[in-house]
Amino acid sequence: MLPPLTREQAEQAERVMRALREQLRAHAGWLAFDDYLRLVLYAPGLGYYSAGSAKLGAAGDFVTAPEVSPLFGRCLAAQCAEVLGAVGGDVLELGAGTGRLALELLRRMAELGQPPNHYYILEVSADLRQRQQRLLQALPEPLRSRLVWLEALPATAITGVVIANEVIDALPFQRFVVDAGALLERGVGLSDEGLIDVDIAARPALAAELTRIAPGPWPPRYLSELCPMVGPWIASLSAALARGAALLIDYGLARHEYYHPQRDHGTLRCHFRHRAHEQPLLYPGLQDITAWVDFTRVAEAAVDAGLEVAGYCTQAAFLLATGIEAEVAAAADPLSRARLASQARALLLPGEMGENFKLMALTRELEAPLRGFALQDLRRML
Ligand SMILES: C[S@@+](CC[C@H](N)C(=O)[O-])C[C@H]1O[C@@H](n2cnc3c(N)ncnc32)[C@H](O)[C@@H]1O
C-alpha cells in the first residue's frame, strides 16, 4: 500500500495530468514512454525533478549513497585526488542531488592536498540547485569559491574528473514488449479510468536496436527497457572531458545479465516516500521513475566517443580499494566508529548497495592506474 497524497500533492498530480492529456491529444492518444518520462520527471514547474518535491533524503522518496554515508564521498575523493595528482584540473559533477557528495569530496580532496581548481556542478533541477547552494554554504570560503554552477556542459572541455552518481538511471528510457516474436513499444494512453499501458508496433529505431542487441529469439512475453539517450549523453560528456577520467556510478548490469531470459519484467522501479514499486503511471510528477543501466551500452557509447573503458567493478570492490575500512577505523570514538561501520555495511553488502551498484571509469589520455579498480575487473562481462 502506498501512502495517500496530501491535498497539495493531489493538486500537483492534477496539473501534471492536464499537461499529459494535452500531450496525448497532440499525439493521437499515444505517448512514447520516454516522452512520458520527459514530462513527468523534467517538465519545467511540473516534473518530479523540476517541481518542489523533497526527492532525496528521509523526508523524500529515496536515498542515494552520498546520503547514506560520508564514507562514499571520502572514498571517491581518494580516487579523484589520484587522478588530479596525475593531470591536475577540475571536478565536474553531473546531477549533484542535495550537494552532499560535493561537500564531502571538496573537504576530503583539500585534506589530501589535491583540491580541484574548480568544482563545477551541472544540475537540471532548479530546486535541487538551490538545495545544493544552501548546503555548500557550510564549506570554508577557500573551498566555496571553487564552486561554479553551470547551465550546460562547459564549452571548453575540462581536464580532471567528471562524476555522475545515479544520473544515467534518471535519463528517460523506453519500454518494450516482445510477444510471440512481435517487437512492441510500450507507451502511455488514456482510458476512462486514467493512464494506461498501450503497446504498439515498435518504431523503426527501437526495432532495429532490439534486433542488434538480441539477434536470437527473445523469451516469450518479455518486458524490459532500453535507454537510447545513453549514446548522446556519453558523447556530450566525452566532448566535455579533454583529459582525465569520468566516474559513473549506478545500479546496473552488463547487457547479457540485463536482458537475461529470467529478467522478463525488466528493471523499472518507482520510488515514493521510501516505497519501491512498479507502477509508473501512478502519481504522475510525484514519484521517481528509474531503470537500471545497461553498462554494455555505456561502454559502447564511450568507445564510439573516443574514451577508454578503464575500469568496471562493483561499488563494494571500489570502496574497499579506496580505503573504506581504514576510514571506519579512523573514527574519533567508538560510537562514531559503530555508526560508520553500520553505514559501511549498507554501502558494501551484496543485498544492499554493494553489488547492484557498479562503478565505471572512462578515461582520456590518462596513463596512471586507478586505485579504485585495483581489486576487481569486471570488464570481461561487458
Ligand atoms: C537520482 S538523483 C541523484 C542525485 C545525486 N547524484 C546523488 O547521488 O544523491 C538524479 C540527479 O540527476 C539529475 N539529472 C537528471 N538528468 C540529468 C542530466 N541530463 N544532466 C545532469 N543532471 C541530470 C537530477 O536532477 C538529479 O539531481
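This report walks through the aromatic rings and the bound ligand in a predicted model.

## Rings that pair up

Let's start with the aromatic side chains. A pair of rings is described by how far apart the centres are and by the angle of the planes. Going by centre distance, there are 14 aromatic pairs here. One of them joins Y42 and Y49, and this pair is stacked: the centres are 5.5 Å apart and the planes differ by 15°. It counts as stacked because 15° is under the 30 degrees cut-off.

How exposed are these two partners? Y42 has 25% relative accessibility, so it counts as partly exposed. Y49, at 10%, counts as buried, because the cut-off for buried is under 20%.

## A tilted pair and its cluster

Now look at W218 and Y222. Their ring centres lie 5.2 Å apart, with 45° between the planes, and that makes the pair tilted. Why tilted? Because 45° is neither under 30 degrees nor over 60.

Are W218 and Y222 buried or exposed? W218 has 15% relative accessibility, so it counts as buried. Y222 is buried too, with a relative accessible area of 0%.

This pair also belongs to a wider group: F176, W218, Y222, Y258 and Y259 make up one aromatic cluster.

## Charges over rings

Some rings have a charged side chain over the face. K55 is placed over Y48, at 5.9 Å from the ring centre. In a second case, R175 lies over the face of F33, and here the distance to the ring centre is 5.3 Å.

## Around the ligand

Where does the ligand sit? You'll find it in the largest pocket. There are 19 residues around it, and the closest are Y42, T64, G95, E123 and N165. Y42 should ring a bell: it is also the partner of Y49 in the stacked pair.

Several polar atoms come up to the ligand. In T64, a polar side-chain atom lies 2.5 Å from one of the ligand's oxygen atoms. E123 also uses its side chain: an N or O atom there is 2.5 Å from an oxygen atom of the ligand. With G95 it is a polar backbone atom, 2.7 Å from a nitrogen atom of the ligand.

How much of the ligand does the protein cover? On its own, the ligand has 590 Å² of accessible area, and the protein covers 94% of that.

Definitions and conventions: Residues numbered from 1 in each chain as written. Predicted model: local features only at pLDDT ≥ 70, side-chain atom pairs only at ≥ 80, totals over all residues. Heavy atoms only, no water. Phe/Tyr/Trp six-rings, centres within 6.5 Å; stacked < 30°, edge-to-face > 60°. Buried < 20%, exposed > 50% of the residue type's maximum accessible area, 1.4 Å probe, protein only. Lys NZ or Arg CZ within 6 Å of the ring centre and 35° of its normal. Near = heavy atom within 4 Å. Polar contact = N/O pair within 3.5 Å; in protein donor to acceptor, adjacent residues only side chain to side chain. Areas by Shrake-Rupley, 256 points an atom, 1.4 Å probe, with all protein chains shown as cover. 1 Å grid on protein atoms, 1.4 Å probe; cavity = no way out; pocket = protein on both sides within 12 Å on 5 of 7 lines; lining within 4 Å. Sits in = over half its atoms within 2 Å of the grid points.
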